[in-house]
Amino acid sequence: MEHLVNAADGMKRAAAILRSGGLVAVPTETVYGLAADATNADAVAGIYAAKGRPSFNPLIIHVDSVAMAQRYGRFDGRAHRLAEHFWPGPLTLVVPLTENHGLAPAVTAGLNSVAIRQPSGPMAALATAMDHPLAAPSANSSGRVSPTMAQHVAADLGTKVDLILDNGPCPVGLESTIISLVADTAILLREGGLDRSFAAGIVGPLINPKPDAHVAAPGMLSAHYAPRIPLLKDFAKPMPEGMVFLGFGETMREPGLNLSPSGDVKEAAHNLFAMLQELDRSGARSIGVAAIPHHGLGAAINDRLQRAAHGSKE
Ligand code: TXA
Ligand code: MG
């Protein structure tokens with residue numbers, strides 16, 4: 001049976017696979033997720049095995065509503081306000097776990113908090129069909145660039161996943177912004193698809209944890225999102241032989257690809273992972289990247305490029 005199917009056509013099959021404890025790659029507005037029933041311990045173990053993900057790194061659960069979210073996480077006023085404004089959308093909230101939540105223990109990796117997001121599209125529809133949340137990390141091998149197209153998932157995970165739902169390229173192209181509401185001060189755990197200036201208006205100032213401080217986002221290891229060949233950020237020197245360039249706006253060199261010829265950070269976010277993968281597979285020896293402005297989604301793009309530069313050296 002075909003293993004990569006059009007999302008609209010594959011929903012029934014996807015729900016059946018998830019109910020029987022299987023793994024389905026499901027598109028969201030941010031990136032493709034590797035989904036399993038979050039209440040099924042064997043299924044969740046399957047996610048960690050397929051990705052080669054360290055078991056100390058907890059997963060996001062995907063819900064179809066605030067009502068479903070509240071079965072698992074305790075929502076205070078801030079959480080309600082943020083969810084009301086930004087769900088469905090590229091925002092994950094880390095909140096205290098409820099009692100008797102029924103999640104597989106591996107989902108939270110033993111923490112007493114849980115990361116929750118209401119995405120739009122097929123992932124939320126599947127949560128409704130199951131009446132269970134779906135645990136889903138990005139659908140890539142651990143440490144690799146997140147997939148923004150079904151073909152990326154097929155190339156990386158192959159038959160480790162039972163079904164891939166194809167919904168074309170993900171509109172946002174970067175993983176969700178993660179905000180922790182466990183303490184009185186909201187903490188920005190991960191820059192992501194939501195422009196942080198929006199959230200700040202609703203929860204007050206956001207604190208940034210120090211890079212690599214082992215605060216609450218165990219997955220934010222600096223060696224992450226790594227292409228296979230070295231990546232050099234803010235590259236402005238003459239290009240060495242074998243280098244390809246990832247440009248932005250008027251900063252463009254050949255051979256290479258331009259994240260956004262018009263200099264739009266949102267378009268650049270949408271193109272980032274797909275272009276990184278294409279350059280990584282082009283047979284080049286290294287990737288030089290133009291300086292990206294820090295405004296709007298530029299902060300999240302620079303975060304991913306920093307990690308890619310770090311990870312690709314090892
Ligand atoms: O856009 C996204 O967020 C995508 C789509 C599929 O929803 N998912 C995604 O998941 O990027 P993943 O597993 O690649 O990243 C989730 C991050 C990890 O860094 C993990 O450590 C952190 O969320 N996380 C999960 N639960 C947490 C918790 N209770 N406290 C702090 N961080 C948590
Ligand atoms: Mg990931």
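This is a short walk through one structure: its sheet, its salt bridges, its nonpolar cores and a few backbone oddities. Please keep in mind that the model is predicted.

I will start with the sheet. Ten strands make up an open sheet, and their order across it is 1-8-2-3-7-4-6-5-9-10. The pairing is mixed. At the edges sit strand 1, residues 4-6, and strand 10, residues 187-190, and each of these pairs on one side only. As a reminder, strands of a sheet pair through backbone hydrogen bonds, either parallel or antiparallel. Strand 1 pairs with strand 8, residues 163-166, in the parallel sense, over three bridges. If you want a spot to look at on the screen, find Val5, which stands opposite Leu165 in strand 8.

Next, the charged pairs. How many salt bridges does the structure hold? There are eight, and I will go through three of them.

The one I would look at before the others joins the side chains of Glu175 and Arg304, at 2.8 Å from N to O. Glu175 lies in the loop between strand 8 and strand 9, and Arg304 lies in helix 10, so this pair ties together parts that are 129 residues apart in sequence. Are these two residues buried or exposed? Glu175 is buried, at 4% relative accessibility. Arg304 is buried as well, at 1%.

Staying with Arg304, helix 10 covers residues 298-312. Beyond its neighbours within four places in sequence, Arg304 is in contact with Leu174, Glu175, Arg190, Glu191, Gly192, Tyr225, Leu272 and Phe273. The contact with Glu175 is also a polar contact between the two side chains, at 2.8 Å.

The second pair is Asp280 and Arg228, whose side chains meet in a salt bridge at 4.0 Å, N to O. Which parts of the chain does this pair connect? Asp280 is in helix 9, residues 265-280, and Arg228 is in the loop between helix 8 and strand 11, so the pair ties together parts that are 52 residues apart in sequence. Asp280 is buried, with a relative accessible area of 14%, whereas Arg228 is exposed, at 58%. On networks, salt bridges that share partners join Glu175, Asp303, Arg304 and Arg307 into one group.

The third pair is Arg78 with Asp76, where the closest N and O atoms are 2.9 Å apart. Here Arg78 is buried, at 14% relative accessible area, and Asp76 is partly exposed, at 29%.

Now the nonpolar interior. The largest nonpolar core has 50 residues, and the members that touch the most others are Ile61, Phe75, Leu82, Trp87, Leu93 and Ile116. Several elements each supply at least two residues to this core, including strand 3 at 33-37, helix 4 at 77-86, strand 5 at 91-96 and helix 7 at 150-157. Which helix gives the most? That is helix 2, with five residues.

For a view from inside that core, take Ile61. Setting aside neighbours within four places in sequence, Ile61 is in contact with Ala38, Tyr72, Leu103, Val107, Val114, Ala115, Ile116, Arg117, Pro133, Leu134 and Ala135.

Apart from this core lies another one, of 33 residues, with Tyr225, Leu231, Leu272 and Leu305 among them. Two of those names came up a moment ago: Tyr225 and Leu272 are also in contact with Arg304.

Last, the backbone. Most residues other than glycine have a negative phi, and most peptide bonds are trans. Here are four places to check against that.

The peptide bond from Trp87 to Pro88 is cis, with omega near -10°. Pro88 sits in the loop between helix 4 and strand 5, and Trp87 is one of the core residues I listed earlier. A cis bond also runs from Glu254 to Pro255, with omega near -5°. Pro255 is in the loop between strand 12, residues 243-247, and strand 13, residues 256-258.

Then two residues with positive phi. Ala109 has a phi of about 50° although it is not a glycine. Ala109 is placed in the loop between helix 5 and strand 6, and is partly exposed, at 26%. Asp234 has phi near 45° and lies in the loop between strand 11 and strand 12. At 43% relative accessibility, Asp234 counts as partly exposed.

That is all I have.

Methods:
Residues are numbered from 1 along each chain as its sequence is written. Chains are lettered from A and ligands numbered from 1 in the order in which they are written. This is a predicted model: local features need pLDDT of at least 70, side-chain atom pairs count only at pLDDT 80 or more; totals for chains, interfaces and linings use all residues. Side-chain values use heavy atoms; hydrogens and water are left out. Two strands pair if DSSP finds at least two bridges between them. Helices (H or I, at least four residues) and strands (E, at least two) are DSSP runs, numbered from the N terminus. A polar contact is a pair of N or O atoms within 3.5 Å; within protein, one must be able to donate a hydrogen and the other to accept it, and residues adjacent in sequence count only if both atoms are side-chain atoms. Contact means heavy atoms within 4.5 Å. Buried means under 20% relative accessible area, exposed over 50%, partly exposed in between (1.4 Å probe, protein chains only). A nonpolar core is a set of buried Ala, Val, Leu, Ile, Met, Phe, Trp, Tyr and Cys residues joined through side-chain atoms within 4.5 Å.
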